[in-house]
Amino acid sequence: MVVKKHQPGHLCMMKWLLLILAIIFRPYEIQAWGFYGHRAVNKFACFALPPEMFGFYKSNIDYLINHSVDPDKRRHSDPAEAPRHFIDADHYGENPFDTLPIYWKDAVEKFTEDTLQAYGIGPWYINKMFYRLVEAFRKNDPDAILYYSANIGHYIADSHVPLHCTENYNGQMTNQHGIHGLWESRLPELFATNYDYFMGRCQYIDKIQPFIWSAVHDSYAALDSVLAFEKLLTESTESDEKYSFEQRGSTTIQVYSYDFSEQFHLILNGQVERRLQASIIDVASIWYTAWVEAGMPVLNPWTVIEDEKVEVGGEDFH
Ligand SMILES: [Zn+2]
């Protein structure tokens, strides 16, 4: 049978074909913590600050929340941006933390800058941003303080994501493609409204760069269970029960099913919540340490950079 160009049946088939192609080839974007997680980290970090900082940060909480995702947006336009969000620690051998120099200069000397850029510079870049934040506090420049606070919050949160420490960042080497988004976006979106985000008071950090490495070390230590548990769960799940379809605007997308996500969340036993909590307190501690290093300038709580309001993490604190 010859199928005519505008035959209704043909059109219908074309639509299905396009839908299937959209599902199969939907562009996958790596965004650590997804938008939800990054916004929650910057927001709740404000509540761990001492009173001398809290007024200014609370007045500008909308800015800090909204701009928490700017570094991910920049990845589309700035080729230098991507390596700042991760470090493929396992590229550096069995015990990468014995091999990787703590400080940037030593690392460049040992591995060359090209290699470091190729496998991620996250922990060293946070250190660089820290000194820019100290400088912003020294000048007591509210725009710069907020800009660097929002941005460093993003990079610190990224360093707490186990899948940001490995070459197998999306399970592509172990047939677990999509696990990145499952851990850092799907699980928080489904379950993080019940998390406890109030972490008490932040701490002064003696040595910033080793402190950042210890956060990365903890993320790396959690990586094994992330990959192993997903694999185990997949093996005990019927293939048609692992995924489901959801409508997002005019697009149908394939997502991990609610049941699969719930099971994974359960066997991770609070891991996602713990990494989010650690991100929050570490972001606040790094903001606070930068302020102390700058001589504890008086921050005016009435200086407000207006930004759009967003609700994050259930209860609204605006
Ligand atoms: Zn990122």
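Select Thr112 first: with 11 C-beta neighbours inside 10 Å, this residue counts as exposed, because the cut-off for that label is 12 or fewer. The model on your screen is a predicted one, and in it Thr112 sits in the loop between helix H7 (104-111) and helix H8 (113-119). If your viewer lists backbone angles, look up its phi, which is positive at about 75° although Thr112 is not a glycine.

Next, move along the chain to Asn175, in the loop between H10 and H11. Asn175 also has a positive phi, of about 60°, and it is not a glycine either. Is Asn175 buried or exposed? Asn175 is exposed, with 8 other C-beta atoms within 10 Å.

From this loop, step back to helix H10 and select residues 142-159. The 18 residues of H10 reach 26 Å from the first C-alpha to the last, close to the 26 Å expected at 1.5 Å a residue. Colour H10 by burial, and 14 of its 18 residues should come up as buried, so that the helix is mostly covered.

Now go to the other side of the loop and select helix H11, residues 179-191. Look along H11 for a kink of about 30°, which lies at Ser185, shortly before the proline Pro188. H11 is mostly covered as well, with 10 of its 13 residues buried; among them are Trp183, Glu184, Ser185, Arg186 and Pro188. Which elements do the buried residues of H11 pack against? Show helix H2 (34-45), helix H12 (208-235), strand S2 (251-256), helix H14 (258-268) and helix H15 (271-293) together with H11, since these are the elements that its buried residues pack against.

Strand S2 leads to the next stop, where strand S1 (residues 243-248) should be added to the selection. S1 and S2 pair in the antiparallel sense, over 6 bridges, and one place to look across the pair is Ser244, which stands opposite Val255 in S2. Follow the backbone round the hairpin, where 2 residues lie between the strands and Gly249 takes a positive phi near 65°.

Finally, clear the selection and view the whole protein chain, which has 15 helices and 2 strands. Of its 318 residues, 37% count as buried. Among the contacts in the chain with a separation of 6 or more, 78% are accounted for by residues 24 or more positions apart.

Technical notes
Residues numbered from 1 in each chain as written. Predicted model: local features only at pLDDT ≥ 70, side-chain atom pairs only at ≥ 80, totals over all residues. Helix = DSSP H or I, 4+ residues; strand = E, 2+ residues; numbered from the N terminus. Buried ≥ 20, exposed ≤ 12 C-beta atoms within 10 Å, placed from the backbone. Contact = placed C-beta atoms within 7 Å. Bend = angle between axes of the 7 residues up to and from the residue. Expected span 1.5 Å × (residues − 1). Pairing = 2+ DSSP bridges.
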